Amino acid sequence: MTSKVAEEALGYEQARDELIEVVRRLEAGGTTLEESLALWERGEELAKVCRRWLDGARARLDAALAGEPEDGEADSE
């Protein structure tokens with residue numbers, strides 16, 4: 001199983017690409033039950049990595065947008 005440190009070192013694109021490959025292999029079939037379960041577990045881990053990256057990106061965007069004045073709220077003197 002992959003260690004937490006190794007998972008955190010994965011960038012979003014790398015985790016996404018590996019997840020795509022895992023899904024492709026599962027959809028293609030031809031693997032044993034044990035191999036399929038291992039692929040499924042890896043896919044779940046990769047999906048969590050991707051979700052953490054996306055949640056972090058959303059938080060950064062929200063923080064950046066919160067710091068900007070909304071339309072019509074600019075100083076009008």
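This passage describes the nonpolar core and the salt bridges of a predicted model.

A good place to begin is the interior. The largest nonpolar core is built from seven residues, namely L10, A15, V22, L39, L46, V49 and C50. Two helices, α2 (12-28) and α3 (33-66), each give two or more residues to this core. Of these, α3 supplies the largest share, with four residues. This arrangement can be read against a general background: in soluble globular proteins, nonpolar side chains tend to be buried together.

Charged side chains come next. The structure contains six salt bridges, and three of them are described here in turn. As a general point, side chains of opposite charge can pair when their charged atoms come close.

In helix α2, R24 and E21 are joined through their side chains in a salt bridge, with an N to O distance of 2.5 Å. The two residues lie three positions apart in α2, so about one helical turn separates them. Both ends of this pair are partly exposed: R24 has a relative accessible area of 45%, while the value for E21 is 35%.

Helix α3 holds a second pair, in which E45 forms a salt bridge with R42 and the closest N and O atoms are 3.2 Å apart. Here too the spacing along the helix is three residues, which means that E45 and R42 are about one helical turn from each other. The surroundings of this pair are easily summarised. E45 is buried, because its relative accessible area of 13% falls under the 20% cut-off. R42, at 16% relative accessibility, counts as buried as well.

Further along the numbering of α3, the side chains of R58 and D62 meet in a salt bridge, with 3.5 Å between N and O. These residues are four apart in the helix, and about one helical turn therefore lies between them. R58 is partly exposed at 49% relative accessibility, and D62 is also partly exposed, at 39%.

Some of the salt bridges are linked to one another. Through shared partners, E18, R42 and E45 are joined into one network. The buried pair of E45 and R42 thus belongs to this network, together with E18.

Taken together, the model combines a seven-residue nonpolar core, to which α3 gives the largest share, with six salt bridges. Among the latter are the R24 and E21 pair, the E45 and R42 pair, and the R58 and D62 pair.

Technical notes: Residues are numbered from 1 along each chain as its sequence is written. This is a predicted model: local features need pLDDT of at least 70, side-chain atom pairs count only at pLDDT 80 or more; totals for chains, interfaces and linings use all residues. Side-chain values use heavy atoms; hydrogens and water are left out. A nonpolar core is a set of buried Ala, Val, Leu, Ile, Met, Phe, Trp, Tyr and Cys residues joined through side-chain atoms within 4.5 Å. Buried means under 20% relative accessible area, exposed over 50%, partly exposed in between (1.4 Å probe, protein chains only). A salt bridge is a side-chain nitrogen of Lys or Arg within 4 Å of a carboxyl oxygen of Asp or Glu.
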